[in-house]
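Me: Could you take a close look at the salt bridges in this model for me? Please follow them from the charged side chains out into their surroundings, and tell me how you decide what is buried.

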Amino acid sequence: MTYLSRVRINPLRAESRRLLASPRAMHGAVQGGLPGESDERVLWRLDADNPRRPHLIVLTPSKPDWTHVIERAGWPEADGEHALVRDYAPLLAHIATGREYAFRLTANPVQNTTTPLALTPAQTKRLADLPEGKKPRGFRLAHRTAAAQLGWFLDRAERWGFEVPKSRTDLAAPGLTPDAPPATEATNEHASDAHEVRITARHRHSFLKGGQGAHVTFHSATFEGHLRVTDPEALTARLLGGIGPAKAYGCGLLTLAPVAGVGNGAG
């Protein structure tokens with residue numbers, strides 16, 4: 001059984017500030033919500049569009065306990081529901097071809113290439129260590145512009161089991177300015193199209209893995225909009241398994257909400 005949780009975070013507390021500033025620290029807090037060791041994927045996302053009332057959203061393979069987060073980073077003595085935990089099965093049961101949903105996704109848009117324009121020290125070492133005559137595997141590079149990130153999302157929507165309808169207005173989605181130059185990080189045939197999706201946040205994250213291990217750097221983008229289901233099985237797989245890399249650090253969790261007035265019939 002799978003559960004979707006929504007946990008209130010008090011941004012004024014010292015522990016909250018540590019968690020909000022560090023994907024590595026938040027990952028540890030999320031893992032602490034499940035007993036024992038688990039090989040199953042845990043997905044999470046920080047929704048901080050209202051900085052005074054950020055929320056931690058988590059998808060877990062078993063029922064979690066968020067007491068430790070509430071006591072150290074929430075409002076443990078205040079009224080109200082500190083952590084909402086719901087069975088995910090009812091939402092999954094309603095997914096069907098043609099249904100429309102509002103969605104939110106924070107992802108790490110990347111591309112793979114064997115010919116990067118500039119090599120990092122780690123990539124240079126990797127090439128130097130290759131046996132003579134062996135071809136290198138592709139390098140994973142981040143899409144860093146809004147145009148390339150949006151193109152990454154739209155190019156992959158079909159394989160994820162949905163389509164993003166064309167915009168009902170003539171304005172391009174926020175995140176793409178009308179005079180933005182063409183994306184050079186990847187072919188982007190959607191750069192001049194307007195779809196029901198926008199980028200609401202973009203961040204660069206950099207920290208030491210484990211506090212003193214390898215340096216981790218990645219770029220995230222938060223997408224919001226409307227989607228229409230084209231392949232329920234593929235979409236369900238993405239809802240449960242996540243989208244893209246950096247899942248341990250708050251990327252990959254796609255969440256849906258029914259769209260009022262489109263005849264979905266979903267509760």
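Reply: Happy to! Let's begin with the cut-off we will need: a residue is called buried when its relative accessible area is under 20%, and exposed when it is over 50%. Please keep in mind that this is a predicted model.

With that in hand, start at Arg 104. Its relative accessible area is 15%, which is under 20%, so Arg 104 counts as buried. The side chain of Arg 104 meets that of Asp 47 in a salt bridge, with 3.2 Å from N to O. This pair ties together distant parts of the chain, since Arg 104 sits in strand E5 (residues 100-107) and Asp 47 in strand E2 (residues 43-47), 57 residues apart. The acid side of the pair passes the same test: Asp 47 has 11% relative accessibility, so it is buried as well.

Asp 47 has another partner in Arg 45, and here the N to O distance is 2.6 Å. Arg 45 and Asp 47 are both buried. If you keep following the charges, you arrive at a network of salt bridges that links Arg 45, Asp 47, Asp 49, Arg 104, Arg 198 and Glu 224.

Now look at what lies beside this network. Thr 222, in strand E10, is in contact with two of its members, Arg 104 and Arg 198, and its other contacts beyond four places in sequence include Leu 105, Thr 106 and Ile 199. The side chain of Thr 222 makes a polar contact of 2.8 Å with the side chain of Thr 106. Thr 222 has a relative accessibility of 12%, so it too is buried. From C-alpha to C-alpha, Thr 222 and Arg 202 are 6.5 Å apart in space, with their positions 20 residues apart in sequence.

The structure holds 9 salt bridges, and one of them is worth visiting separately. Glu 15 pairs with Arg 72, their closest N and O atoms being 3.5 Å apart. This pair also links distant parts of the chain: Glu 15 belongs to helix H1 (residues 14-21) and Arg 72 to helix H3 (residues 67-73), again 57 residues apart. Glu 15 has a relative accessible area of 16%, and therefore it is buried by our cut-off.

Next, the nonpolar surroundings. The largest nonpolar core has 31 residues, and those with the most contacts inside it include Phe 153, Phe 162 and Phe 223. Strands E5 and E10, which you have already met, each supply at least two residues of this core, as do strand E9 (197-208) and helix H7 (232-241), among others. The largest share, 5 residues, comes from H6. A second, separate core of 16 residues includes Val 7, Ala 25, Trp 44 and Val 69.

Aromatic rings are part of the picture too. There are 11 aromatic pairs. In one of them, Trp 152 and Trp 160 are arranged edge-to-face, with 5.4 Å from centre to centre and 65° between the planes. Both Trp 152 and Trp 160 are buried. Ring pairs join these two with Phe 103, Phe 153, Phe 162 and Phe 223 into a cluster. Within that cluster, Phe 162 touches Phe 153, and beyond the rings its contacts include Ala 157, Leu 227, Leu 235 and Leu 254.

Leu 254 leads on to Tyr 88, whose contacts include Leu 254, Leu 59, Leu 239 and Thr 2. Tyr 88 lies in the loop between strand E4 (83-87) and helix H4 (89-94). Despite being in a loop, Tyr 88 is buried, with a relative accessible area of 3%. The C-alpha atoms of Tyr 88 and Thr 2 are separated by 5.5 Å, although the two are 86 residues apart along the chain.

Finally, step back to the whole chain. The chain has 7 helices and 11 strands, and 43% of its 267 residues count as buried. Among contacts between residues at least 6 apart in sequence, 75% join residues at least 24 apart. The accessible surface comes to about 14800 Å², and 50% of it belongs to carbon and sulfur atoms.

Technical notes. Residues numbered from 1 in each chain as written. Predicted model: local features only at pLDDT ≥ 70, side-chain atom pairs only at ≥ 80, totals over all residues. Heavy atoms only, no water. Salt bridge = Lys/Arg side-chain N within 4 Å of Asp/Glu carboxyl O. Helix = DSSP H or I, 4+ residues; strand = E, 2+ residues; numbered from the N terminus. Buried < 20%, exposed > 50% of the residue type's maximum accessible area, 1.4 Å probe, protein only. Core = buried A, V, L, I, M, F, W, Y, C linked by side-chain atoms within 4.5 Å. Contact = heavy atoms within 4.5 Å. Areas by Shrake-Rupley, 256 points an atom, 1.4 Å probe, with all protein chains shown as cover. Phe/Tyr/Trp six-rings, centres within 6.5 Å; stacked < 30°, edge-to-face > 60°. Polar contact = N/O pair within 3.5 Å; in protein donor to acceptor, adjacent residues only side chain to side chain.
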